[in-house]
Amino acid sequence: MPVHNPKEPPSVARPLLDSAEPRRGSADEATPGAPGTVTAPGEAPEAEIEDGVPGPAGPLDRLRRLRALDWPGRVRVLGPAVAVAIAGAAICLELADIWVTAQLPDAPYTPLPFAPEDVAGTTFPIFGALLVISRPRLLLGWLLCLGGLGSAANILAANTATLLVHDGGHPLVHPIWVFADGVWNLTTYALGVLLPLLYPTGRILSKRWCVPGGVTATALALDWLCSLIAPSSVRTGYNALEVAAFAPYYQGTRQALHTVVAVGMALAFSSLVVRFNRADGIERRQILWPLVAMAGVVIPWVIGHPVWWTASLTLPLVPAAIAVAVLRYRLYGIDTLISRALVGAGLVGVVAAVYVLVGAGSSLILSGVDRFAGLAAALFAGAFFHPIRGGLQRLVDRALYGRGGDPLTLAAGLRRRLQHADPAHALLAALEVLREGLSVTGIAVEIDGTVTTSGRPDPVVREMPLVWHGEPVGRLLIGPPGGRRFPAAHDERVIAVLAPYVADAAHTVTLTTALQRSRERILTAREEERRRLRRDLHDGLGQTLASMAMTINMARHSLERSPETADTLLRNLREGMNSVTADVRQLVYGLRPPALDDLGLAGAVRALAEEARPGLAAGEESVAEVGVTGDMTGLPAAVEVAAYRIVQEALTNVRKHARARRVRVVLHRNGELRVVVADDGVGLPPGRRSGVGMSSMAERAAELGGTCAVTSEPGRGTTVAARLPAVPAPPHLG
């Protein structure tokens, strides 16, 4: 289905309902010289007709242009005006009905001064006109307008006929009743059959659904024919068209026809169920809005006479819900409305039940304390409000979404799965739970180009960042929805509850991947160091020692016969021993800088700073300072080497790239060793990637469980700050 977040989906700004709307620049848009424009001979073309609206011209030209438009163009031009006229006519009929009703006795079935038909005759045309103005070619708005007009005409005709009978009768009573019945049948067909068959797209599902519509139309026509030849009565007046032979069958025939009409209306409404099952999430929400509003009308109608009058108050919700669903369906979550309504009703019911129980108990035990029932109910509601609300919310969520859709249940299940899953599979477990909760075809998380997928997320309809403690760790990719029927606001609750778990799992994957890469680098570096030592010892030092051994043998053999040759060989041997000594020093220096053993960490760092000072800018004016606080003795050997190498690399970068005049190195030990190298150079350029040197500093700190961060501002220098554990790690006991 189209993308929904969803924060502004581009493909659903105007849904299925716009499929019948012409677009600007289409064939429906008239241009000068085209059929949509009339130009008088010898005159320049007038302003173009844009979207069916004539340009500035005289009344005759406007009439000619309107006649030249095709039917859709005329609808766009005249539709809103006609709809407003229908709404105005309906309101005028209702005003007339108010005057007629004021002369009649009060109705026994309602305490209100108006009937449900009055409400329908006022509200349906108004909301219908709003729909026609926004969607002129959508039939739903026209059905609401005509249905409301028919309802207003029906109630006015019925009350007028009743008033005439009340005043002593009139020959027009029966024709008025025939007119009222005919108008009511048309209203029933428009609102009870056509509206559900066409809602919400304005098109019928298939030609098969024309059968219930045709049968209902036939039944309504026969019912009106029965009223036309009905027997005379006090209520309906004298009927000149009465058929005496039909009088015994009149009531039974009309009852049977009303049953057929009721069945036809039920079948028409069942088309909404079929459409609901076939529709996507957008159209489902459009269908749910009026169904929820209709519940406020159907429930009083089912209960009957005692509460039927309340339908007058809930009836306006039906056209309002249709208008909201068609025009602004994306702004509201229907499942949220249902959920909150049920939870609120449950809370009211619990408090009312407590009030009744406390009142009944007090009346049985102490007849004079019933006034404390309300106080007890209020105290109960205040003390147990949140537990009751939480329990009701869980029950409603389970009823709407099933056991797998409750966000709290999903979170509890995810916690249990994460407790038993290894870090490498934690993200996949979180994605599976989130996919079940959202009821989507697939979901995935992208971390540094690596995608972990559960199901089939293609096509991706929603994308959101995953943030762990303010740090972005990846992207969550959500696929199209599955078969769940309440995806709107429920998805937001599920994402809000489960997204932090997914972010934690993604961060764990990032750490696990980084740890694995670090281990691989450490192992690679160790093996490379071993290979270098082997090569240096075998190819360098080993060959040199072998050559020296051969020189000694040659000197021994030459000692008696040619002392001069032996002396030359021994001198060469002495020079070779100097080379061997240098090679051994180089090997030892590669394993651990000798300055650390000779000078200690503080002295070795001062020596590095002194060596780096000539490479700073401004020559003799350059300054390289070293500050040491805390006791530097007793540090682990690995920490000393890491700190020394970090300072060495940082000073090398300062000397080569910073163009700094001052550099300061700080060593501070207080539970941990802090190493800071700060300069006043040009700083790092924006967007510069870390090189080998910076990566090696971070890796040396990470190997020991520490951190190394490089911060810089262009023109204000660079700072390297490392934190290293100053306590040696406990030995591993195998």
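Two strands are taken as paired if DSSP finds at least two bridges between them. With that in hand, I opened the predicted model and began with a pair of strands.

**Entry 1: β3 and β4**

I looked up how β3 is joined to β4, residues 471–478, and found antiparallel pairing over seven bridges. I then asked which residue V467 stands opposite in β4. The partner is P472.

**Entry 2: the sheet around them**

I traced the sheet outward and recorded four strands in the order β2-β1-β4-β3. The sheet is open, and its pairing is antiparallel. I noted that β2 (450–455) and β3 (462–468) are the edge strands. Each of the two has a single partner strand, so one side of each lacks a neighbour in the sheet. From one strand to the next, I recorded an average twist of 20 degrees.

**Entry 3: β7 and its partners**

I turned next to β7, which spans residues 672–679. I noted that L673, V675, V677 and D679 lie on its covered face. The uncovered face carries E672, R674, V676 and A678.

I looked for the strands joined to β7. Strand β6, residues 662–669, pairs with β7 in the antiparallel sense over seven bridges. In this pairing I found V666 opposite V676 of β7, and V676 belongs to the uncovered face. The hairpin of β6 and β7 has two residues between the strands. I checked the backbone there and found that G671 takes a positive phi near 85 degrees.

Strand β9, residues 718–725, is also joined to β7 by seven bridges, and the two run antiparallel. Here A678 stands opposite T719 in β9.

**Entry 4: α6 and α7**

Two packed helices are described by the angle between their axes and the distance between the axes. I therefore looked up both values for α6 (residues 210–228) and α7 (residues 250–278): the axes come within 9 Å and cross at roughly 155 degrees. Angles over 145 degrees count as roughly antiparallel, and α6 and α7 are therefore roughly antiparallel to each other. I recorded their crossing as left-handed.

Which residues make the contact? On α6 I listed P212, V215, T216, A219, L220, L222, D223, C226 and S227. On α7 I listed Y250, T253, R254, L257, H258, V260, V261, G264, M265 and L267. Sorted by class, the contact of α6 with α7 comprises 12 nonpolar, five polar and two charged residues.

Notes
Residues are numbered from 1 along each chain as its sequence is written. This is a predicted model: local features need pLDDT of at least 70, side-chain atom pairs count only at pLDDT 80 or more; totals for chains, interfaces and linings use all residues. Side-chain values use heavy atoms; hydrogens and water are left out. Axes are lines fitted to C-alpha atoms, for helices over the stretch in contact, and angles run from 0 to 180 degrees between N-to-C directions. Buried means under 20% relative accessible area, exposed over 50%, partly exposed in between (1.4 Å probe, protein chains only). Angles under 35 degrees count as roughly parallel, over 145 as roughly antiparallel, 65 to 115 as roughly perpendicular and the rest as oblique. A crossing is left-handed if the near helix is turned anticlockwise from the far one by less than a right angle, and right-handed if clockwise. Contact means heavy atoms within 4.5 Å. Ala, Val, Leu, Ile, Met, Phe, Trp, Tyr, Cys and Pro count as nonpolar, Asp, Glu, Lys and Arg as charged, and the others, Gly among them, as polar.
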